[in-house]
Amino acid sequence: MSDSSRFTITAALPYANGPIHIGHLAGVYIPADIFARYNRSLGNDVLYVCGSDEHGVPITITAKKNNVSPKNVIDKYHSIIKQSFLDFGISFDFYGRTSDQLHHSISSNFFKTLHEKGEFVEKESEQYYDEKEHTFLADRYIQGTCPICDFHEAYGDQCEKCGTSLDPSDLKNPQSMLSGGVLVKKGTKHWYLPLGKYEKWLKKWILNDQKDRWRTNVLGQCQSWIDNGLKSRAVTRDLNWGVPVPAENADGKVLYVWFDAPIGYISATQQWGKEHNKDWRPYWTDSNTKLIHFIGKDNIVFHCIIFPAMLRAHGNYILPHNVPANEFLNLEGDKISTSRSWAVWLHEYLKDFPDQQDSLRYVLCANAPENKDNDFTWKDFQAKNNNELVAILGNFINRVFVLCHKYWDGKVPLRHSLEDVDKDILSKIKAAPDEVGHCIGQYKFRLAIHSCMDLARAGNKYLADTEPWKLFKTDHGKSRTETILNISIQVIATLSIICEPFMPFTTNKLNNMLGVDVGKWADAGDINKVSSGHILQKSSLLFRKIEDEEIEKQIEKLQK
């Protein structure tokens, strides 16, 4: 159980220049949703916020390619993204947009506060300019050869092969990813956050204070950045799309997207407060609140170094308690790529597998890339759905309901004297919520979902070992069958609660079948949760078997 009663949970803002795919879901949104749902079930005060990231160069590039305005791009993809999250049961308390007026105002005021405190350094510098496209380029849109490992596709801010932090001027043969052309350098003025000023504090705060709490991949990446020496980081960009820089002589300049995007968590919280007539401040200013950022590994530096430095410079906000960053999910052995359409898009998945959100949620959690990059394959998806969700969880629940309706007209039977096999399964019911909850509290979601399935496996084995359908014909056999099925219903009641963070649609179906809302986390493990005599509804299909032809169709679709 958690030692804090208030959580501000954030999930990385998705760029509104394309739909959401399974890599996003596995890396960020399912883990955050599991954590939020679990803490709500504990009775904790949870605010889970996110929103579309609608500024920056990728938006303008997509707009140019499609000959539309940036606003057309963000409106289209914000709508698709928001609907995908709704369809998959991602339970945000608020999902905002960084193009909203309130976000512009809050980001602008954040910049002004730091500016007035003298936290920025103004510098004239020469930056790469794409003459074909008439634009200065963000670091991510400059590509060249890494000076450290000679990787030919290093970005202007980082080499993804060796992980070295770079400046665009470090690259050999830099080229524009926008036009493919050679770049020239032109003079421009920008405002910089001098991260070196915070290096000593960051080193202690991250590498000492968080060393027993944060994941090793997060600490390792932070250490590498700090060891290389923290350089000043521009917080403005030459662009006509974004939050205008609120300073003199700043025409044609906007806040760098990685300055304004994390402020989107704060603006989403304030917008939520406004719409629900709630005080937003405790979620960002009370030291008892735990701020948890769920992100992918490519965002570690921004959430663990740059944003904390911004928050500290501002002075009014709490710092992150944990940043459980995941590694990347690959697809059929290859890196997920939006440009190559090598992805499984959520809105398309639901057309092919309607009402099977929980099958995907389950597989993505069971294969979550928590400690290393992991792989999603359609064959594994089919195997986990058919061999685990259908054959273990679904089969156990269906058999229990069918037997209760066959022998007791759908009533929960009485429990009589217990044998050792009964005591064993009852002890497993009692232990499961703490085991699962402990794993979720430690951000070990794969272990947590395996523990859930362990209880379903135990229930299945209990039925197979006791064979109640063979016992019913004698008087002793009848009372024995009653005990077995009563206990099996208690297993299902606890499963309904502990599966909810992972598979909320399944829990809804289970609650309807049980004819009762089985309650919150504190009710899980109760071996008398559903009383004898209670009327059960008919069993409905929780999961359906996925056929080979469906899987072949998905593989063919990818290969096209």
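A residue counts as buried under 20% relative accessible area, as exposed over 50%, and as partly exposed in between, with a 1.4 Å probe and protein chains only. The model on display is predicted: local features need pLDDT of at least 70 and side-chain atom pairs count only at pLDDT 80 or more, whereas totals for chains, interfaces and linings use all residues. Residues are numbered from 1 along each chain as its sequence is written, and side-chain values use heavy atoms, with hydrogens and water left out.

**Stop 1: Lys-186**

Select Lys-186, which is partly exposed at a relative accessible area of 37%. Lys-186 belongs to strand β9, residues 184–193; helices (H or I, at least four residues) and strands (E, at least two) are DSSP runs, numbered from the N terminus. Next add Glu-126 to the selection. The pair is separated by 60 residues in sequence, yet the C-alpha atoms of Lys-186 and Glu-126 are 5.0 Å apart. Setting aside residues up to four places away in sequence, Lys-186 touches Ser-125, Glu-126, Gln-127, Tyr-129 and Phe-136, where contact means heavy atoms within 4.5 Å.

**Stop 2: the whole chain**

Zoom out to the full protein chain, which has 18 helices and 17 strands. Its radius of gyration is 27 Å, close to the 24 Å that the globule rule gives for 560 residues, so the chain is as compact as a globular protein of that length. That radius is taken over C-alpha atoms, and the rule is 2.2 Å times the number of residues to the power 0.38. Along the principal axes, the C-alpha atoms fill a box of roughly 95 × 50 × 40 Å. Of the 560 residues, 59% count as buried. Among contacts between residues at least 6 apart in sequence, 77% join residues at least 24 apart.

**Stop 3: Thr-8**

Select Thr-8 in strand β1, residues 6–11. Is Thr-8 buried or exposed? Its relative accessible area is 0%, so Thr-8 is buried. Display its side chain together with the backbone of Tyr-283: the side chain of Thr-8 reaches the backbone oxygen of Tyr-283 at 2.6 Å. Such a polar contact is a pair of N or O atoms within 3.5 Å; within protein, one must be able to donate a hydrogen and the other to accept it, and residues adjacent in sequence count only if both atoms are side-chain atoms. Beyond its neighbours within four places in sequence, Thr-8 is in contact with several residues, among them Leu-47, Trp-284 and Leu-291.

**Stop 4: helix α9**

Move to His-314 in helix α9, residues 300–314. His-314 counts as buried at 10% relative accessibility. To see its surroundings, show Phe-110, Thr-113, Leu-114 and Lys-117, which His-314 touches when residues up to four places away in sequence are not counted.

**Stop 5: helix α11**

Select residues 357–366, helix α11, which is mostly covered, with ten of its ten residues buried. The buried residues include Asp-358, Arg-361, Tyr-362 and Cys-365.

**Stop 6: helix α16**

Finish at Thr-481 in helix α16, residues 475–498. At 0% relative accessibility, Thr-481 is buried. Which backbone oxygen does the side chain of Thr-481 reach? The partner is the backbone oxygen of Pro-468, at 3.4 Å. Outside its neighbours within four places in sequence, Thr-481 is in contact with Tyr-407, Trp-408, Pro-468, Leu-471 and Phe-472. Finally, select Thr-466: Thr-481 and Thr-466 are 15 residues apart in sequence, and their C-alpha atoms are 8.6 Å apart in space.
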